[in-house]
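Subject: Structure handover

Hi,

Here's the structure I said I'd pass on. Have a look at it first, and my notes follow underneath.

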Amino acid sequence: MPAAAGGQASTAAAGGQASTAAAGGQASTAAAGGQASPEYVLTLSCPDRTGIVHAVAGYLLEAGCNVLDSQQFGDRTAGGAGRFFMRVHVETVAGVPVTYDSLHAGFTAVASGFGMEWELHDVAVQPRVLIMVSKAGHCLNDLLYRRAAESLRIDVPLVIGNHPDLAPLAAAHGVAFEHLPADPGDPMSAARSEGRLLDLVAGLDIDFVVLARYMRILSPELCAKLAGRIINIHHSFLPSFKGARPYHQAHAHGVKLIGATAHYVTADLDEGPIIEQEVARVDHTSSPADLAAIGRDAERVALARAVRWHAEHRVLLHGRRTVIFR
């Protein structure tokens, strides 16, 4: 079972350009043609013990890779179970015949020796994301704008809505839209919609799903099939103010802070592992409409960060929590 949330990255398409290295480092150029060297991200978790970093770095050196960025964390807390987490971003050394397949195959022995759960991703491959919406379009518009501005490296082949309202917005960004209604009065309607969703996830080779204010509850079965692959934005700090009209609830309680929480979806409603939270200070002069407007900004920011970190393979699941290498 992979440690990082999300599916195994595929090999880059021919001619794909690698992105600039993390942490300000520039990717080196190969001698032939001046093309950027291929880059890969390795994520792993395993029981903590001595020698892990040495083994990983040693293998990458022998395989012909240069480490651009390396982050690690050992959880020594009582509930952490002595778990070690690591994310390494590498580039290949010019002239060394390293491929995704060779790097992946060679690391298997290292991973087995330490009992690692791990993934290897080609940086040049943009994750394919399916976005689900209802009627509110602020999060969808923000994600598609960031994608077009190239500040969010994701490929969005399709937007799904349980209402048709946001089809024009998706079309304005050049993205296909499919209406999948879920009739509360028809017990089979949700099952048909979720079946169609799973078919689309498989058929479009979707890496993960984003609920951009999608206002329907997903079944436990669907949550299990896409575990660690569905990101939701919730309009408050979890688990406060669940259900309808959350900003009216917040106003009635006289809150001084409002916010939004991006998290992975589980069968426990709005209680999945948290990826990011954004806050804003308010006071007694703020009406429910003011709180909702401020909240929409918080939702956009929190969701965009969560999607970016997941797409860059910076989020590793740790039980009900997450480890995030920023």
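How do the residues lining the largest cavity divide into nonpolar, polar and charged? I'll come to that in a moment. One thing to keep in mind first: this is a predicted model.

On the cavities, the count comes to two of 30 Å³ or more. The largest cavity has a volume of about 60 Å³. Its lining is made up of Tyr40, Val41, Leu42, Tyr59, Leu60, Val88, Val90, Leu103, Phe107 and Leu120. The elements that give two or more residues to this lining are β1 (39-47), α1 (52-63), β3 (83-92) and α2 (100-114). Of the elements, β1 gives the most, with three residues. And back to the opening question: the lining of the largest cavity divides into ten nonpolar residues, no polar and no charged.

The second largest cavity has a volume of about 40 Å³. Around this one you'll find Met132, Leu180, Ser193, Glu194, Leu197, Tyr214 and Leu218. Helix α5 (residues 187-203) gives the most to the lining here, with three residues. By class, the second lining has five nonpolar residues, one polar and one charged.

Now for the sheet. Four strands form an open sheet, in the order β2-β3-β1-β4, and the pairing is antiparallel. β2 (65-75) and β4 (117-122) stand at the edges with a single partner strand each, so one side of each has no neighbour in the sheet. On average, neighbouring strands are turned by 10° against each other, direction ignored.

If you want a spot to zoom in on, try the pairing of β1 with β4: six bridges join these two antiparallel strands. One pair to look for there is Ser45 and its bridge partner in β4, Glu117.

Two helices go with this sheet. α1 packs on the sheet and touches β1, β2 and β3, with its direction making about 15° with that of β3. α2 lies across β1, β2 and β4, and runs at about 165° to β4. Both helices came up earlier too, since α1 and α2 are among the elements that give two or more residues to the lining of the largest cavity.

That's what I have so far. Shout if anything is unclear.

Cheers

Technical notes. Residues are numbered from 1 along each chain as its sequence is written. This is a predicted model: local features need pLDDT of at least 70, side-chain atom pairs count only at pLDDT 80 or more; totals for chains, interfaces and linings use all residues. Side-chain values use heavy atoms; hydrogens and water are left out. On a 1 Å grid over the protein atoms alone, a cavity is a set of points where a 1.4 Å probe fits but cannot get out, and a pocket is an open set with protein on both sides within 12 Å along at least five of seven lines; lining residues have an atom within 4 Å of a point. Grid points are joined across faces, edges and corners, and a volume is the space filled by probe spheres set on the points. Ala, Val, Leu, Ile, Met, Phe, Trp, Tyr, Cys and Pro count as nonpolar, Asp, Glu, Lys and Arg as charged, and the others, Gly among them, as polar. Two strands pair if DSSP finds at least two bridges between them. Axes are lines fitted to C-alpha atoms, for helices over the stretch in contact, and angles run from 0 to 180 degrees between N-to-C directions. Contact means heavy atoms within 4.5 Å.
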